[in-house]
Amino acid sequence: MTERATAVAPAPDRPSPPARRRGTGRPGRGASLRARWRRDRSLLLMTVPAIGLLAVFHYVPTLGNVIAFQQYNPWDGVVGSPWVGLYQFERLFTDPRFWNAVGNTLVIASVQLVFFFPVPIALAILLDSVLSRRMRLVLQSIVYMPHFFSWVLVVTLFQQILGGAGLISQSLRGAGYAPLDMMTNPDAFLMVVTSQMVWKDAGWGTIIFLAALAAIDQNLYESAAVDGAGRWRRMWHITLPGLRPVIVLLLILKLGDILNVGFEQFYLQRDAFGSGVSEVLDTYVYHQTLVTGNFSAGAAAGLIKGVVGLVLILIANKMAHLMGEHGVYRRS
Amino acid sequence: MSTLFESRPVWAERPSLPARAAKNTVLAVVTVVILLPIYVVVLTSLSPASAVNAAGGLVVVPGGISFRAYADLFSGGVVTRAVLVSLGVTAVGTLVSLTATILAAYGLSRPGSLLHRPLLFAVLLTFLFAPGMIPLYLLVSDLGLIDSYASLILPTAVNAFNLVVMRAFFMNLPGEIADSARIDGAGEWTILTRLVLPMSKGVTAVVGLFYAVGYWNAFFNAILYINDNAKWPLQLILRQYVQQGQQISSNSLIGNAVQGTASAPNLAVQMAIVVVALVPVTIIYPLVQKHFTKGVIIGAVKG
Amino acid sequence: MSLHPPRPTRRRFLGLAGAGTLAALSPAVLASCSSDGGGAGGGSASEAGSLDSLIPTHIPFEGVVPDIEGLHGAPDGFTSYPTDFIQAVQEPPGRGGSYTAMTPLWGPLPPGLGNNSFFDHVNERLGATVEFNFQDGNTVIDKMNAIIAGRDVADLTMFPDWVINLIPQFNRAVGELFEDLTPHLAGDAAAAYPLLANLDGDAWRWNVFNERLQGVPWPAEPFGNWVLYRRDLLEELGLEAPTDPDDLFAIGEEINDPDNDRWAFGDFNLSMRQIFGAPKQWRYRNGELIHMFETDEWRASVEFMRKIFDAGLVHPDIVAKGDNAKELFNSGRILFNQDGIGAWHESYGQMLGDDPDFRVDLMPVFGAGGSDPVMHRGDPSAQSVFVRKGLEPEQIEEVLGILNFCAAPFGTREYMDYRYGAEGVHHELDDNGAPQLTDLGAGEVNDGYYFISGRPPAITESQYPDFVPWKTAWYNHAARFSEEDPFAGIRIQRPERFAGAETPLTDKVEDVIRGREDLDALDRAVADWRRDGGDEGRDFYLGVLQEHGRD
């Protein structure tokens, strides 16, 4: 039965063949450049607007990151500022606070991966299982609203509920118990920031999975049901495989973004929990740059983040290929 | 509750009572946990100053209703004008972004096509390496885009994440349809507009939403590139209400505070701002969700 | 590659370190405290003289006589508005010109030129058009760095002083981007702009860069922040204001009542430093510079803060660095809180309507252990306005005329115009003669004109009960304890490593105060600070003293 259910669901489970087969009957990789140009020119033309915009508004100013090798100041600009080689990098690498920030960032990112990343998937499946269209719309509209709250507001709301003078603490006091202050306890830090993240962005994160769920061929469910596959089996053998390409893709992109766990949330709560646990790479760079006007240190940190992200994306992409997934891109 | 089950497919079994109860409990808890703070925000925005002062913060227990915060916000026409600016930038920006993204996502959706890998890699790199604030400012300035609405759109028009996600959805479409169309002599433009897009309404709506929300929430580009206050977008106008006197650096050694004459920040107005910024978002979602329709693929295959 | 900064010599280091550093080395910026004769050391006569020749000759404006004179540099107090406003500028200064002005704004954006009768009114009085481009106040540093890089300045550009100190190479940019005002304002030339000539000499000296007078100053009250307390609630509880730190602690223990949602304190770390007598930055004694972090007084202030946090006297929201201190204070959930002194009259504006008995006061200034407190003064000019380079001489004169108008002090017709608009349109005078904004005024009146020029600070909010007498009494007492800062009047941009070393230390202080680390951690943190930039800073600052002949 299991085999049967899987067998009727080839498309989501094995996503590569269709894409590969597209070139059927046309010049392949080995074909001459001219033939490939003739075949692919309209595809290339289609990429021009986006590539052009990225080239002008992303690549050109990104070249400005050479200031990582300078002692840059805005007045002299890239041309006039003195070159200092790898000085900025060495300074970062020899600062224990940099490594503390990197460590915290990695811990937070791991916790996000384990405790935040799956939540939108589960929530999306749950929401998708609500049958009434109207009900589904209402619920989906509600869960995605907190995304539009600023971090200041989210932190304030948490403070007013979980803080030492918050609802819970004051109720405990009123009942004669000791108050419970979660918002300044470094040991509770990871739990608090993860809860905040789940509250703010889990609903927002469902959107992409809801779109993916809608793209799953409904015939598969019907055939599976007819073959006697129960609810859970259908989820395991149709729903999850259907979501897998998107999940893998987002996971890879998340890894590339691993050193960007967010700025404002941690900036706002830095002193409440102490920089020992809450300093992340971005807040570290911000504090370095703010008081010293050192743009170059920020650029150096940005380059480090980019390189780390690039390496992780390449590794994750490779692993995805080994697991038979597309990943972000693949050699064909 | 009958609406809950109105569209159960004929093949699906009716879930057991405990399963239904569990599901509904989870959904109810999620809803309450989200709606309660929203209720507090809305209530505070509708509270008179006396209630806000008595609460010493966000208002949980109603202490009267006042629309003063909203009246303050919309008096003078500044906010109204900014709403129009933001709507315009969001609409045009989303259109530009979606067009460029769809085209590129499709253009890069065929592994093995000419320059496929280098171009895709170039897109990916922009996801990893961000340009600095000042180089971007100098570029926008050199292009003569200071004080233009284009400066609020072009620098963020293409987002690598959105592009890659859209491309992944395109690649997961059954290839047979496109192949047969190609055999019938259809060009890539036709395949994209007649076949791929109709099958990709869901992801198009999602990516459109991501872009729209990005434009709607953006303010930092406007801080840098827009000097003319009449062209400020809503989020930047709203930020101004939340500022408390002259901001000094956290470092006491750097500066001394000036006692600004800014009117004291009013929590009710701040919360009214949250609500105002939330309204379009709640309106737009149903438009997006509409496209999460099931069974589109089958229809397309058959068509 | 070695880890030494690529700038081994001091000369090179200074070259890289930024604007203020160069300014500090330039003899012309040797701003001594010559006007009040106080201050430490003082420059040589010739240097002070050369600087004095760059700034306007002081012409006191004969306006409304203050009811309470400010002592020791404290601002004057006015217990009422005059019944007849003095006309300080006889003719509209403008000749029909049109100018853009860029200034940060902290507060709601007003309707722009063309939709704003307040702008029309003031521009008519000016005889010229000033069009404001306001900027987001919270990100002003980003914007200013960008416009410096892009050389995109408006005809008039206002920089908060702390922003100037954070922009690398500002000292060089200022001469290239902005007009040298020396020929127009130095010495007797300023007689053409008598209201500008009325501004304090120290504030003018602060705006000399590279031996040129570049900016128009914004003289500020000497003290920025202090502890405010709920005088009404304290009296209700039968308590008097504290007179020393132990007394403050005892009062805190008495009034703290978490069960009834009332805590004693917010955070007031900075004020405690001054009460315990720590220097603002450096103390110069016997040829040695000792930094605040190295003083026993500073340590004692941290210990005191730790004590009140440990005792649970600080509101949990404040322990968590919440941003709701004002609301907590206004609602009586905390009774003592440090804030900008201006928060006092702001809270009156917000609270007196509902609660006529609402009373706040500044905590009296006292020392610890029988010593005097050391009150940290701000720099003499809190912000500066610069004129874009390239305007025609007539245009510069017109602009300076506009700035002269906007420098009109309290009690003048012009002051009422640029701050409150037209009487009967934008504001009405209440029974005490104080302006109350009309609904139209509340929507349109803004700080634009107020920010593009300075005027002598004054305590004028007589519409609030007891406000002026209480505030002037506090100021006249507090100002006598003003610190003798060895660097008073010298604009210094802190060396980068010195500035950067401070964050780890202030982080550690937060950890100690909040009980996450023991007090011993301070010793290690201070040692690290010395190693990572503190000692480097000391050498640098000693050099500055030598350059200025103050050693």
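Trainee: How many bridges join strand E8 of chain C to E13(C), and are the two parallel or antiparallel?
Mentor: Keep in mind that this is a predicted model. E8 covers residues 225-230 of chain C, and E8 and E13(C) run antiparallel. Within that pair, Arg230(C) stands opposite Val360(C) in E13(C). The number of bridges joining E8 to E13(C) is three.

Trainee: Which strands of chain C stand at the edges of the open sheet that holds E8 and E13?
Mentor: The sheet is open, with four strands in the order E9-E12-E8-E13 (chain C), and its pairing is mixed. An edge strand has a single partner strand, so one side of it is left without a neighbour in the sheet. That applies to E9 (263-265) and E13 (360-362) of chain C.

Trainee: And by how many degrees are neighbouring strands of this sheet turned against each other on average?
Mentor: We're still on the sheet ordered E9-E12-E8-E13 in chain C. Direction is ignored for this angle, and the average for neighbouring strands is 30 degrees.

Trainee: Let's move to another pair. Which residue of E11(C) stands opposite Tyr284(C)?
Mentor: Strand E10 of chain C takes in residues 282-285, and four bridges join E10 to E11(C), the two running antiparallel. Opposite Tyr284(C), in E11(C), stands Leu289(C).

Trainee: Along E11 of chain C, which side chains point to the face where they are buried?
Mentor: The side chains of E11 (residues 288-291) alternate along the strand. Glu288(C) and Ile290(C) point to one face and are not buried. On the other face are the buried ones, Leu289(C) and His291(C).

Trainee: Which residue takes a positive phi in the hairpin of E10(C) and E11(C)?
Mentor: Most residues other than glycine have a negative phi, so a positive value is worth a look. This hairpin has two residues between its strands. The one with a phi near 50 degrees is Asn286(C).

Trainee: Where is His72(C), which has a positive phi although it is not a glycine?
Mentor: The phi of His72(C) is about 55 degrees. His72(C) counts as partly exposed because it has 16 C-beta neighbours inside 10 Å. Its place is in the loop between helix H3 (45-52) and strand E1 (76-77) of chain C.

Trainee: Is Asn210(C) buried, exposed or partly exposed?
Mentor: Asn210(C) is found in the loop between strand E5 (208-209) and strand E6 (212-213) of chain C. Asn210(C) is not a glycine, yet its phi is positive, at about 50 degrees. With 16 C-beta neighbours inside 10 Å, Asn210(C) counts as partly exposed.

Trainee: Zooming out, what radius of gyration does chain C have?
Mentor: The C-alpha atoms of chain C fill a box of roughly 65 × 65 × 40 Å along the principal axes, and 57% of the residues of chain C count as buried. A compact globule of 551 residues would have a radius of gyration near 24 Å. Chain C agrees with that, at 24 Å.

Trainee: How far apart do the C-alpha centres of domain 1 and domain 2 of chain C lie?
Mentor: Domain 1 of chain C is assembled from 51-55 + 82-222 + 382-458, and domain 2 from 225-376 + 483-493. The distance between their C-alpha centres is 33 Å.

Trainee: How many charged residues are on the side of domain 1 of chain C that touches domain 2 of chain C?
Mentor: The contact takes five residues from domain 1 of chain C and four from domain 2 of chain C. On the domain 1 side, one residue is nonpolar and one is polar. The charged ones number three.

Trainee: What about chain B: how many helices and strands does its secondary structure come to?
Mentor: Going from the N terminus, every element in the run for chain B is α. The count is 14 helices and zero strands.

Trainee: Which helix gives the most to the side of domain 1 of chain B that touches domain 2 of chain B?
Mentor: Chain B is divided into domain 1 (2-66) and domain 2 (72-302), and their contact takes seven residues from domain 1 and six from domain 2. Two elements give two or more residues to the domain 1 side, helix H1 (17-45) and helix H2 (49-55) of chain B. With four residues, the top contributor is H1(B).

Trainee: Last one: how many nonpolar residues are on the side of chain B that touches chain A?
Mentor: Here 91 residues of chain B are in contact with 82 residues of chain A. The chain B side has 20 polar and nine charged residues, and its nonpolar residues number 62.

How values were computed. Residues are numbered from 1 along each chain as its sequence is written. Chains are lettered from A and ligands numbered from 1 in the order in which they are written. This is a predicted model: local features need pLDDT of at least 70, side-chain atom pairs count only at pLDDT 80 or more; totals for chains, interfaces and linings use all residues. Domain bounds come from an automatic or database domain assignment. Two residues are in contact if their C-beta atoms, placed from the backbone, lie within 7 Å. The radius of gyration is taken over C-alpha atoms; the globule rule is 2.2 Å times the number of residues to the power 0.38. A residue is buried if 20 or more other C-beta atoms lie within 10 Å of its own, exposed if 12 or fewer, and partly exposed in between; C-beta atoms are placed from the backbone. Ala, Val, Leu, Ile, Met, Phe, Trp, Tyr, Cys and Pro count as nonpolar, Asp, Glu, Lys and Arg as charged, and the others, Gly among them, as polar. Two strands pair if DSSP finds at least two bridges between them. Axes are lines fitted to C-alpha atoms, for helices over the stretch in contact, and angles run from 0 to 180 degrees between N-to-C directions.
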